[in-house]
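Here's a friendly walk through a structure you may be seeing for the first time. Take a moment to turn it around on your screen, and then we'll look at some of its parts together.

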Amino acid sequence: MPYKNPIKRKEYHSKYVSSWQKRNKEKRKIYLREFYNIPENRLKRIERLKKWRENNKERLVIAHKIYNEKNREKINERHKKQHRELRLEVLKYYGGEFPECACCGENEIKFLTIDHIENNGNEHRKMLKTRSITRWLKNNNFPTGFQVLCWNCNCSKGLWEICPHQNNK
């Protein structure tokens, strides 16, 4: 070691380690992958990270705010994509592989909605305190009492308690 002074030695060591890591990125990546594949090492790392997060909450909040401000469009796009995928999953569950309106047979995904069969959607939404129930449906293992209707049929059912397509049958 070039330094006997412990402070200078620590500085030297940290500079040396960081420069070695920069020069040997692939070696380090392989080593860390193997190291953290050992369960006890993975658990130690998880505990260390939990402790760090608890001690640095303010720092994390600031970092998240900065990241969110810089990446607002990217985050919004990701949320839109996730919502579309979740919505399609729910529609497929209640409407089959190729979802369609249970009343008129409309199959344009953009027009389809989830309907409460018992006409209790308003009370249900108030109980959930949310406008969108797709996440709730998935989290509750797709309970019964729901069906796929197109927007027109769903609105008609809500306003007049019966869809005009049902009158024609």
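Let's start with a charge and a ring: the charged end of Arg45 sits over the ring of Tyr36, at 4.6 Å from the ring's centre. Keep in mind as you look that this is a predicted model.

Now step back and take in the whole thing. The protein has nine helices and two strands. If you follow the sequence from start to finish, the pattern reads α-α-α-α-α-β-α-α-β-α-α.

What about the overall shape? The C-alpha trace spans about 95 × 30 × 30 Å along its principal axes. For a compact globule of 169 residues you'd expect a radius of gyration near 15 Å, but this protein has 28 Å. To get a feel for distances, pick out Glu118 and Leu43: they're 75 residues apart along the chain, and their C-alpha atoms are separated by 48 Å.

How much of the protein is buried? Of its 169 residues, 20% count that way. The accessible surface adds up to about 14200 Å², with carbon and sulfur atoms owning 52% of it. As for contacts, take those with a separation of 6 or more: residues 24 or more positions apart account for 54% of them.

Time to zoom in on strand S1, which covers residues 112-116 and is where you'll find Thr113. Is Thr113 buried or exposed? Its relative accessibility is 14%, under the 20% cut-off, so Thr113 counts as buried. Leaving aside residues up to four places away in sequence, Thr113 touches Arg87, Leu91, Gln147, Val148, Leu149, Cys150, Trp151 and Asn154. With Asn154 there's also a polar contact, side chain to side chain, at 2.9 Å.

Move along past the strand and you come to Glu118, in the loop between S1 and helix H6 (121-128). Here the picture flips: Glu118 has 62% relative accessibility, so it counts as exposed.

Carry on into helix H6 and you meet His124. With a relative accessibility of just 10%, His124 counts as buried. What does His124 touch, if we skip residues up to four places away in sequence? The answer is His116, Ile133, Trp136 and Phe146.

Two of those names come up again when we turn to the rings. Tyr93, Tyr94, Trp136, Phe142 and Phe146 form one aromatic cluster. Across the whole structure, a search finds seven aromatic pairs.

Finally, have a look at two loop residues with something in common. Asn141 lies in the loop between helix H7 (134-139) and strand S2 (146-150). Asn141 isn't a glycine, yet it has a positive phi of about 55 degrees. Further along, Glu161 is in the loop between helix H8 (151-160) and helix H9 (164-168). Glu161 isn't a glycine either, and its phi is positive too, at about 65 degrees.

Are these two loop residues, Asn141 and Glu161, buried or exposed? Asn141 has 65% relative accessibility, so it counts as exposed. Glu161 comes in at 65% as well, and it also counts as exposed.

Terms used. Residues numbered from 1 in each chain as written. Predicted model: local features only at pLDDT ≥ 70, side-chain atom pairs only at ≥ 80, totals over all residues. Heavy atoms only, no water. Phe/Tyr/Trp six-rings, centres within 6.5 Å; stacked < 30°, edge-to-face > 60°. Lys NZ or Arg CZ within 6 Å of the ring centre and 35° of its normal. Helix = DSSP H or I, 4+ residues; strand = E, 2+ residues; numbered from the N terminus. Rg over C-alpha atoms; globule rule 2.2 N^0.38 Å. Buried < 20%, exposed > 50% of the residue type's maximum accessible area, 1.4 Å probe, protein only. Contact = heavy atoms within 4.5 Å. Areas by Shrake-Rupley, 256 points an atom, 1.4 Å probe, with all protein chains shown as cover. Polar contact = N/O pair within 3.5 Å; in protein donor to acceptor, adjacent residues only side chain to side chain.
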